[in-house]
Amino acid sequence: MAETLFSKIIDREIPADIIFEDDQCLAFRDINPQAPTHFLVIPKKPIAKLSDAEEADQALLGHLLLVASRVAEQEGLADFRLNVNNGAGASQTVFHLHVHVLGGRPFSWPPG
Ligand code: AMP
């Protein structure tokens, strides 16, 4: 997979406000937050988008959700929204899989 902004954050080539890291993933604050709390959870494995994930990634995908929830709790969020943009038509701009976690304000449904 081509190098992306997020692989450079994993490799510490560009700075980020990292709030969680383990052997499988990283969570860092979004540079352009859309809510009072907005962070991203990304796998260290370079998967461009969710639809590129394979059966072998099942545990990793579950891990990303658990980390998203635990870091949201750590951030003091009881209610929060997860969002995964898959593909340019769904507003994905960085082609390294990431889970957006947003909280600290009300969210309407359906999303825009
Ligand atoms: P998406 O549109 O789903 O691909 O989301 C990409 C997200 O990455 C956007 O919310 C951006 O604000 C965020 N972003 C882009 N560059 C950086 C960066 N260097 N550090 C943190 N977040 C970033």
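The legends below describe close-up views of a predicted model of a protein with a bound ligand.

In this predicted model, local features need pLDDT of at least 70 and side-chain atom pairs count only at pLDDT 80 or more, whereas totals for chains, interfaces and linings use all residues. Residues are numbered from 1 along each chain as its sequence is written, and side-chain values use heavy atoms, with hydrogens and water left out.

**View 1. The shell of residues around the ligand.** The ligand is surrounded by 16 residues, the closest being D30, N85, S91, T93 and H98, where a residue counts as near if one of its heavy atoms lies within 4 Å of the molecule. At least two residues of this shell come from each of α1 (5-10) and β2 (25-29), and α1 gives the most, with three residues; helices (H or I, at least four residues) and strands (E, at least two) are DSSP runs numbered from the N terminus. By class, the shell has seven nonpolar, seven polar and two charged residues, with Ala, Val, Leu, Ile, Met, Phe, Trp, Tyr, Cys and Pro counted as nonpolar, Asp, Glu, Lys and Arg as charged, and the others, Gly among them, as polar.

**View 2. Polar contacts of the ligand with D30, I31 and T93 (pairs of N or O atoms within 3.5 Å)**. An oxygen atom of the ligand lies 2.5 Å from a polar side-chain atom of D30, while a polar backbone atom of I31 is 3.1 Å from a nitrogen atom of the ligand. For T93, a backbone N or O atom lies 2.7 Å from an oxygen atom of the ligand. Taken alone the ligand exposes 500 Å², of which the protein buries 85%, as given by the Shrake-Rupley method with a 1.4 Å probe.

**View 3. The lining of the largest pocket.** On a 1 Å grid over the protein atoms alone, a pocket is an open set of points where a 1.4 Å probe fits, with protein on both sides within 12 Å along at least five of seven lines, and its lining residues have an atom within 4 Å of a point. The largest pocket holds about 790 Å³ of space, and of its 30 lining residues the closest to the centre are D30, Q34, H38, N85 and H100. The lining has 14 nonpolar, 11 polar and five charged residues.

**View 4. Backbone geometry at R12 and P110**. R12, in the loop between α1 and β1 (18-21), has a positive phi of about 65° although it is not a glycine. The peptide bond from W109 to P110 is cis, with omega near 5°, and P110 is found in the segment after β5.

Terms used:
Polar contact = N/O pair within 3.5 Å; in protein donor to acceptor, adjacent residues only side chain to side chain. Points joined across faces, edges and corners; volume = space filled by probe spheres on them.
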